[in-house]
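User: I would like a close look at one part of this protein, namely its open sheet and what is packed around it. Please describe that part step by step for a first-year student.

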Amino acid sequence: MASTHSHPGEQPAQDPIRLLAIRDTPITVDEVFRAVGDDAAGGTALFVGTVRNHDGGADVDALGYSCHPSAEAELRRVAEKVVAGHPVRALAAVHRVGDLAVGDLAVVVAVSCPHRAEAFEACRKLIDDLKHEVPIWKHQKFSDGTEEWVGA
């Protein structure tokens, strides 16, 4: 009987980064989830960030995201770092820019790995590093007429 490590599913994925985008069109959970489908993955973790109706005790009416021209390259760098540090079979991340309303999807990331714990860990690393390292800024508009830039 062959060693379990000789099974093709135990080998690194050819190109685990399946979908990366920063765009001004709506994101769907289905497109990101489909992008990380892999028969060798036993666990898939997905994070969905939505526009909430409040922040810091103030009512949020809407917000807008903008990004630096280097944002997609930085997103790729973050994704490559996650792949290098985890047994990722497939990874996808899409962040929206432009004007969004309460309830809109702002970011969807997903990672599939051989096991669930690895998928959770890699997905958390992906969203945390995306938020801290990719130059995307949020402009919140509050119900009282005030505004605030976050991440700028």
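Analyst: A suitable place to begin is a single pair of residues: Leu46 has Ala110, in strand 7, as its bridge partner. The model in which this pairing appears is a predicted one. The pair belongs to a longer match, as strand 2 and strand 7 are paired in the antiparallel sense over 8 bridges. In general, the strands of a sheet pair through backbone hydrogen bonds, and the pairing may be parallel or antiparallel.

These two strands are part of an open sheet of 4 strands, whose order is 1-5-7-2 and whose pairing is mixed. Strand 1 and strand 2 (43–50) lie at the edges with a single partner strand each, so one side of each has no neighbour in the sheet. From one strand to the next, the twist averages 5°.

The order can be followed inward from strand 1. Strand 1 and strand 5 pair in the parallel sense over 6 bridges, and Leu19 stands opposite Ala92 of strand 5. Strand 5 and strand 7 also form 6 bridges, in the antiparallel sense; here Ala90 stands opposite Ser112 of strand 7.

Strand 5 deserves particular attention. Of its 7 residues, 7 are buried. Both of its faces are covered: Ala90, Ala92, Val94 and Arg96 are buried on one side, and Leu91, Ala93 and His95 are buried on the other.

Which helices pack on the sheet? Helix 2 does so by touching strand 1 and strand 5, and its direction makes about 150° with that of strand 1. Helix 3 packs on the sheet as well, touching strand 2, strand 5 and strand 7, with its direction at about 145° to that of strand 7.

The nonpolar residues may be considered next. In soluble globular proteins, nonpolar side chains tend to be buried together. The largest nonpolar core in this model has 29 residues, and those with the most contacts inside it are Leu91, Val109, Val111, Leu126 and Val134. Two or more of its residues come from each of strand 1 (17–23), strand 4 (58–67), helix 2 (71–85), strand 5 (90–96), strand 7 (105–113) and helix 3 (116–133). Helix 3 gives the largest share, 6 residues. Val134 illustrates such contacts: beyond its neighbours within four places in sequence, it touches Ile22, Ala71, Glu74, Leu75, Val78 and Asp129. Another core, of 10 residues, lies apart from the largest one and includes Ala21, Val36, Ala90 and Ala110. Ala110 is thus a member of this other core as well as the bridge partner of Leu46.

Strand 4 has a pairing of its own, with strand 8, in the antiparallel sense over 7 bridges. Within that pairing, Ala62 has Lys141 of strand 8 as its bridge partner. Strand 8 (residues 136–142) is mostly covered, with 5 of its 7 residues buried. Strand 8 also pairs with strand 9 (residues 147–150), in the antiparallel sense over 4 bridges, and Lys141 stands opposite Glu147 of strand 9.

Finally, strand 2 takes part in the largest pocket, which holds about 210 Å³ of space. Its lining has 14 residues, of which Gly49, Thr50, Arg52, Tyr65 and Lys138 are the closest to the centre. Strand 2, strand 4, strand 7, helix 3 and strand 8 each supply at least two residues of this lining. Strand 2 supplies the largest share, 4 residues.

Notes:
Residues are numbered from 1 along each chain as its sequence is written. This is a predicted model: local features need pLDDT of at least 70, side-chain atom pairs count only at pLDDT 80 or more; totals for chains, interfaces and linings use all residues. Side-chain values use heavy atoms; hydrogens and water are left out. A nonpolar core is a set of buried Ala, Val, Leu, Ile, Met, Phe, Trp, Tyr and Cys residues joined through side-chain atoms within 4.5 Å. Buried means under 20% relative accessible area, exposed over 50%, partly exposed in between (1.4 Å probe, protein chains only). Contact means heavy atoms within 4.5 Å. Two strands pair if DSSP finds at least two bridges between them. Axes are lines fitted to C-alpha atoms, for helices over the stretch in contact, and angles run from 0 to 180 degrees between N-to-C directions. On a 1 Å grid over the protein atoms alone, a cavity is a set of points where a 1.4 Å probe fits but cannot get out, and a pocket is an open set with protein on both sides within 12 Å along at least five of seven lines; lining residues have an atom within 4 Å of a point. Grid points are joined across faces, edges and corners, and a volume is the space filled by probe spheres set on the points.
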